[in-house]
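I sat down with this model to look up a few annotated spots and one helix pair. My notes are below.

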Amino acid sequence: MQRHLISAADLTRDDAVLILDTAEEMARVADRPIKKLPTLRGRTVVNLFFEDSTRTRISFEAAEKRLSADVINFTAKGSSVSKGESLKDTAQTLEAMGVDAVVIRHGASGAPYRLATSGWIDAHVINAGDGTHQHPTQALLDAFTMRRRLVGPDAGLGKDLDGRRVTLVGDILHSRVARSNVDLLHTLGAEVTLVAPPTLLPVGVETWPCEVSYDLDSTLTKSDAVMLLRVQRERMNAAFFPTEREYSRRYGLDGDRMAKMPDHAIVMHPGPMVRGMEITAEVADSDRCTVVEQVTNGVSVRMAVLYLLLGGAEPAVTHARPTEEK
Amino acid sequence: MSKILIRGAKVLGGEPQDVLIDGATIAEVGTGLSAEGAEVVEAAGQVLLPGLVDLHTHLREPGREDSETVLTGTRAAASGGYTNVFAMANTFPVADTAGVVEQVWRLGKESGYCDVQPIGAVTVGLEGAKLAELGAMHESAAGVTVFSDDGKCVHDAVIMRRALEYVKAFGGVVAQHAQEPRLTEGAQMNEGVVSAELGLGGWPAVAEESIIARDVLLAEHVGSRVHICHLSTAGSVEIVRWAKSRGIDVTAEVTPHHLLLTDELVRSYDPVYKVNPPLRTERDVLALREALADGTIDIVATDHAPHPHEDKDCEWAAAAMGMVGLETALSVVQETMVDTGLLDWAGVADRMSFKPAQIGQATGHGRPVSAGEPANLTLVDTAYRGRVDPAGFASRSRNTPYEGRELPGRVTYTWLRGKATLVDGKLT
Amino acid sequence: MDKQQDAPAGAHSDARPVLEGPDIARVLTRIAHEIVERAKGADDVVLLGIPTRGVFLARRLADKLEQITERKVPVGSLDITMYRDDLRMHPPRALARTEIPGDGIDGRLVVLVDDVLFSGRTIRAALDALNDIGRPRAVQLAVLVDRGHRELPIRADYVGKNLPTSLRETVKVQLAEEDGRDTVLLGAKPAAPGAHP
């Protein structure tokens with residue numbers, strides 16, 4: 001593995017499988033009377049959040065604390081006024097305090113990459129979501145959830161998602177979750193289809209390792225997992241789609257549509273859900289919907305990432321990335 | 001002033017000749033000229049060009065003297081082989097009145113390194129709403145002939161039409177920064193494969209091309225001439241080619257960085273590659289080179305845009321757009337156009353001196369290297385290759401995308417009206 | 001720490017066997033009897049093997065205990081990776097499974113099972129790990145081989161074979177479940193720089 005986790009595209013198949021396998025063991029810690037491991041004792045991790053995201057921060061914080069790391073939370077409110085200088089200055093302040101890892105959430109795409117490569121700091125950098133670029137731990141927890149549900153917690157150990165068909169529906173254009181998932185699911189051998197109105201697909205999507213469709217109904221019947229992405233109501237005002245009603249009718253998942261999915265297929269959502277927009281309450285509350293599991297799995301996966309990056313003298317060793325890939 | 005004999009220089013890349021400067025004027029060009037009473041510069045096969053003319057620079061004064069001043073900007077220009085630069089109007093305050101353009105013009109005169117020709121704003125405050133006093137700026141001591149809201153597009157079609165018409169009264173030209181504002185809201189880089197992956201707001205080629213198409217049609221309709229700043233896409237080339245074939249009076253410029261760099265570099269998220277218009281694709285780069293070679297694009301202009309370190313040492317979205325270019329322009333043109341066989345040195349003289357001087361109506365610049373002409377000259381060691389080291393820049397800013405890159409060519413001497421501003425690569 | 005299992009295959013080409021399959025079986029039978037004897041019937045015993053080979057030995061011991069006592073003896077595994085004191089000296093390792101039998105370990109006699117006892121650091125880590133899982137009545141330790149060179153005040157309650165070794169030697173346990181055959185090999189340490197004894 002590399003020193004930092006910036007993009008899901010940085011992970012080889014072996015890296016990803018190691019993380020998922022490790023997360024499977026981490027998940028068992030949650031069943032113990034003492035949900036804590038001494039592994040990162042004496043290591044300091046900062047959660048540097050330039051963007052509000054209580055769920056992601058709490059998930060990382062739980063993971064860090066279960067591994068006995070010292071946790072510092074830094075929430076940069078009003079980051080719109082404090083521009084780039086503040087990222088560098090804040091980073092260097094943290095470095096001066098002897099921080100071992102920075103978990104960063106930032107509204108600007110590439111901010112974690114800059115932090116990791118600019119020479120501002122030596123600490124490990126873990127991307128907790130940057131702009132519309134990447135959110136690698138989200139993709140990992142999604143893959144973990146899929147592997148558990150579609151292959152099995154024990155049966156899945158050592159395995160990838162070869163041949164599983166995953167459909168991502170919604171605002172692909174503005175979604176770091178979509179980008180991370182396309183990269184990681186492709187690495188793990190899954191077949192990904194993106195479904196969205198053409199306005200919510202980026203120019204250039206044709207080069208991504210996935211299929212693209214404008215029609216949800218035709219893809220549902222051949223999906224093992226359907227992941228719905230949040231669609232912000234503001235997008236309507238920018239003419240990405242005409243009305244909420246029309247979006248729901250064409251791209252929302254309701255009970256009738258869910259009934260067309262294969263029996264084993266699951267419904268996923270990274271949260272927070274906009275009920276009535278991309279998902280109806282009936283679907284959100286059904287057994288096939290893994291939203292709550294995804295939250296639980298998020299802690300296990302983040303523990304795995306923290307352990308594998310920070311637990312040893314250097315990041316965990318897996319097979320080197322083939323040179324022909326970028 | 002004394003005499004200077006430049007011995008054995010390949011004038012415009014031709015056979016080695018001697019050039020004798022007497023005072024501010026070229027006295028004689030030939031072989032075996034007498035060195036008597038003259039300081040001798042052994043050119044030893046270096047290429048002698050007319051002093052370069054840059055139709056597009058940002059010298060930042062008044063207002064942003066932390067990034068550049070007229071003095072440091074003209075020193076950078078002399079280092080790069082320039083004897084005349086045009087300074088864009090987006091200063092603080094904006095150069096939209098006779099007072100501001102005269103100030104910039106006077107600062108240029110005082111610098112002594114390079115003539116500075118201010119460009120006036122088309123609209124008040126670059127806001128695109130109300131025409132600035134174009135006539136007053138023309139009649140001022142600065143004698144403004146080129147008008148531009150560069151940095152912003154004159155996006156209102158009616159304002160653009162009026163500006164094109166109005167400047168005909170005194171032979172001015174409007175230089176358009178072609179960028180449809182609505183299509184580029186929140187834009188961070190070229191829209192395409194790379195932006196899709198990086199999650200950076202896309203800047204579509206059509207935002208540039210649609211404005212160029214509109215403006216050449218407007219120019220045709222009102223019978224004016226229009227100049228297109230920093231053309232950056234293959235589609236823009238096609239539109240300009242079509243317009244010229246139709247007889248429309250349009251000229252266009254390309255920057256050195258758009259001749260060399262592509263949006264693949266943005267994968268580093270290093271804001272040193274953030275520029276307006278954005279770096280485009282390989283296909284665009286090749287189309288721009290071809291267009292510069294065949295004359296569809298008339299000139300190279302640097303769009304020299306200095307920024308202080310802190311405006312680039314940050315995350316991409318927060319960073320300022322622009323690159324410095326005066327001190328690397330000739331090297332990049334040699335790399336992309338000469339060493340590739342697309343253009344000879346006479347062609348370089350045309351694209352970087354004769355034509356820009358014509359478009360900007362610069363007097364005394366962009367003249368042939370022959371007896372009786374003003375001694376505005378630059379000598380280039382074309383055999384040199386070396387890595388770009390921004391620490392050696394004369395510019396106050398260091399935001400070059402070429403740091404550490406090996407490039408050919410080195411300007412060794414620059415003469416402004418017979419006075420050496422650069423001697424053996426060092427500013428005087 | 002106190003294992004040599006990760007040494008490259010070629011390192012043991014000149015190794016000689018000190019225990020063969022039948023010896024190992026005999027030794028495990030003896031340990032099983034000792035456990036029954038010392039635990040007075042072994043009715044509250046839980047066997048926890050330390051991955052990888054300790055787990056196989058624990059299962060074999062459980063089978064033997066069942067033969068002796070005619071009762072099922074709970075057996076599980078205890079991965080100590082996250083509790084190691086040398087974590088910071090290597091890249092992180094893949095985790096092995098911790099499997100605690102259904103009735104837990106509270107109030108039970110836990111017998112930790114490992115293949116080789118060396119510095120004692122693995123057992124120290126195992127005791128820490130146990131502490132986070134429950135509160136046994138007592139903890140005992142069974143090992144196939146004790147090769148000496150303790151670095152901590154730890155001793156085994158049941159030892160298959162005491163094997164005096166020098167620090168220049170390696171001990172490698174092979175078990176059929178993992179390696180295709182049962183044997184304990186004593187060899188010379190490869191001259192790899194920085195290798196842990």
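These entries go through the annotated sites and then the helix pair.

**Entry 1: binding site, chain A.** First reminder to myself: this is a predicted model. I looked up the UniProt "binding site" feature, from an unreviewed entry, and found it placed at A:Lys83, A:Arg176 and A:Arg230. I picked A:Arg230 to follow up. A:Arg230 sits in the loop that runs between strand E8 (225–228) and helix H8 (234–237) of chain A. Is A:Arg230 buried or exposed? I got 18 other C-beta atoms within 10 Å; buried would take 20 or more and exposed 12 or fewer, so A:Arg230 goes down as partly exposed. Skipping neighbours within four places in sequence, I listed the contacts of A:Arg230 as A:Gly170, A:Pro272, A:Met273, A:Val274 and A:Glu278.

**Entry 2: motif, chain C.** The same kind of record, again an unreviewed UniProt entry, marks residues 110–122 of chain C as "short sequence motif: PRPP-binding". I checked the backbone there: residues 110–122 of chain C are 62% strand and 15% helix. The C-alpha atoms at the two ends of that stretch are 16 Å apart.

**Entry 3: helix pair, chain B.** I took helix H1 (residues 70–79) and helix H2 (residues 98–111) of chain B, whose axes come within 9 Å and cross at roughly 55°. That angle makes H1(B) oblique to H2(B). I noted the crossing as right-handed. On the H1(B) side the contact uses B:Val70, B:Leu71 and B:Thr74, and on the H2(B) side B:Val104, B:Leu107, B:Gly108 and B:Ser111. Sorted by class, I have four nonpolar residues, three polar and no charged ones in this contact.

Technical notes:
Residues numbered from 1 in each chain as written. Chains lettered and ligands numbered in written order. Predicted model: local features only at pLDDT ≥ 70, side-chain atom pairs only at ≥ 80, totals over all residues. UniProt positions renumbered as here; feature names shortened; annotations may be inferred. Helix = DSSP H or I, 4+ residues; strand = E, 2+ residues; numbered from the N terminus. Axes fitted to C-alpha atoms, helices over the stretch in contact; angles between N-to-C directions. Parallel < 35°, antiparallel > 145°, perpendicular 65-115°, else oblique. Left-handed = near helix turned anticlockwise from the far one by under 90°. Contact = placed C-beta atoms within 7 Å. Nonpolar A, V, L, I, M, F, W, Y, C, P; charged D, E, K, R; others polar.
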